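Grab a coffee and open the viewer: here are a few exercises to work through at your own pace. Try each task before you read its solution.

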Amino acid sequence: MNYFCLVASFAFCLSASAQSFTRTDISTPVKPYNLDVGDFDADGDLDMATVNDGAHSVTILLNDGTGTFSVATTLSGFNRPQAITAGDFDANGSIDLGVVNAGANSAFILTNNGSASFSITDSIAVGNNPHAITSADLDGDSDLDWVVSDFSAGTVSLLTNDGTGSFSLTSTLQASNGTERAITQDIDGDGDIDLAVPSFFAATLHVFKNDGSGTFTSDASITLGKNHHIPAAGDFDSDLDVDILITSSGSGEVFLLANDSNGTFSDQGIVVIPSQPWAGASGDYDQDGDLDVAIAAYSGHTITILINDGTASFSKSEPIAVGNQPHQVISADFDGDGDLDLATANDAENSVTLLMNTLVNP
């Protein structure tokens, strides 16, 4: 096997992976921009929901348990929906959805009646041109709150859940122009959820640390260079803290910010993935006990798997073709065979591409 490795404590190696995926494409309304997963119909398997920017809609795709999906419903009435997050926001045992509308500067909750029938029950004003939403328990009260990245405002809106699925804007954090999707993890190892937010135009990664009550203070600003995203975060080097993977859709660079265990980061390596590396999803794709990463190349219409040896030394797979302009990628076990599959939202092809992992059942 032919390797070329960057000489550093963190390395990317070029090699061919023996792993393989089988592809299926699912048609969606115009410009599916993002997607998330959850068991929306409570039948024990993972379904998908897409936000369709061009069609101003949300589509629910139900899984039959084997990884075969069908469109159950498409909800209309949105205004350029950009991102979606799934979770049981009203604590009734069913998986609901949170959606941000870039055209209306708002976040919506779609409550689920338990059988994948959704209704819009609340709308909350956020900052200008929201592009991303994530959910996490920010204030330690055991329910899921929202973090909304306001792209044009350069801010992060924090929306607190009262436990019943009623959200209120409790604070706004100042970042920089072009705020992208936030990472919501315990960055400093003190037991609460912190934030890492890249700014697309300002070339900066902002780190906000939580005092445990949902009050955040700006801890660091890390200069990255322009056009950067955070596709994934996790313990890539097996030292029990949260590292951050960064992509540059401008230069094609992918590099790791290694955590020193208290939330201070250092750049540990670099590789180039051509054609605008954008989104990503971490997971143990080869089932060897460490976190790998799947990177979507937006203009290359491909997925590249970075296979980790457990020390944050990665081998780079051959590109895997998906639909045109994959804007988001997620991982989940869609066919119930015990390994992680992939799905991409392809905003220029009006489709979702499923890549079923053949590791367990080739």
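**Exercise 1. Find the bridge partner of Thr 50 in S5, then describe the sheet around it.**

The model is a predicted one, so keep that in mind throughout.

Step 1. Start at Thr 50 and look across to S5: the bridge partner there is Thr 59.

Step 2. Now widen the view to the two strands. S4 and S5 run antiparallel, and five bridges join them.

Step 3. Widen it again. S4 and S5 belong to an open sheet of four strands, ordered S3-S4-S5-S6 with antiparallel pairing. Its edges are strand S3 (32–38) and S6, each of which pairs on one side only. On average, neighbouring strands in this sheet are turned by 25° against each other, direction ignored.

**Exercise 2. Work out the strand order of the open sheet that contains S7, S8, S9 and S10.**

Step 1. Trace the antiparallel pairing through the four strands, and you get the order S7-S8-S9-S10.

Step 2. Identify the edges: strand S7 (81–87) and strand S10 (118–125) each pair on one side only. The twist from one strand to the next averages 20°.

Step 3. Zoom in on one pair. S7 and strand S8 (residues 96–101) run antiparallel and are joined by six bridges. At Gly 87, the residue standing opposite is Asp 96 in S8.

**Exercise 3. Which parts of the chain does the salt bridge between Arg 80 and Asp 53 tie together?**

Step 1. Recall the chemistry: side chains of opposite charge can pair when their charged atoms come close.

Step 2. Check the distance. The side chains of Arg 80 and Asp 53 meet in a salt bridge at 3.3 Å, N to O; the cut-off is 4 Å.

Step 3. Place both residues. Arg 80 lies in the loop between strand S6 (69–75) and S7, while Asp 53 lies in the loop between strand S4 (47–52) and strand S5 (57–63), so the pair ties together parts 27 residues apart in sequence.

Step 4. Compare their surroundings. Arg 80 is partly exposed at 33% relative accessibility, whereas Asp 53 is buried, with a relative accessible area of 6%.

**Exercise 4. How many salt bridges does a search of the whole structure find, and what do some of the others look like?**

Step 1. The search finds four.

Step 2. Take Asp 219 and Lys 209, whose side chains meet at 3.3 Å, N to O. Asp 219 is in strand S18 (residues 216–223) and Lys 209 in strand S17 (residues 204–210), 10 residues apart. Asp 219 counts as partly exposed at 39% relative accessibility, but Lys 209 counts as buried at 15%.

Step 3. Look for shared partners: Lys 31, Asp 53 and Arg 80 are joined into one network by their salt bridges.

Step 4. Finish with Asp 25 and Arg 23, where the closest N and O atoms are 3.0 Å apart. Asp 25 is partly exposed, with a relative accessible area of 39%, and Arg 23 is partly exposed too, at 37%.

**Exercise 5. Decide how compact the chain is for its length.**

Step 1. Take stock of the secondary structure: zero helices and 30 strands.

Step 2. Compare the radius of gyration, 19 Å, with the 21 Å that the globule rule gives for 362 residues. The two are close, so the chain is as compact as a globular protein of that length.

Step 3. Add the burial: 57% of the 362 residues are buried.

Definitions and conventions:
Residues are numbered from 1 along each chain as its sequence is written. This is a predicted model: local features need pLDDT of at least 70, side-chain atom pairs count only at pLDDT 80 or more; totals for chains, interfaces and linings use all residues. Side-chain values use heavy atoms; hydrogens and water are left out. Two strands pair if DSSP finds at least two bridges between them. Axes are lines fitted to C-alpha atoms, for helices over the stretch in contact, and angles run from 0 to 180 degrees between N-to-C directions. Buried means under 20% relative accessible area, exposed over 50%, partly exposed in between (1.4 Å probe, protein chains only). The radius of gyration is taken over C-alpha atoms; the globule rule is 2.2 Å times the number of residues to the power 0.38.
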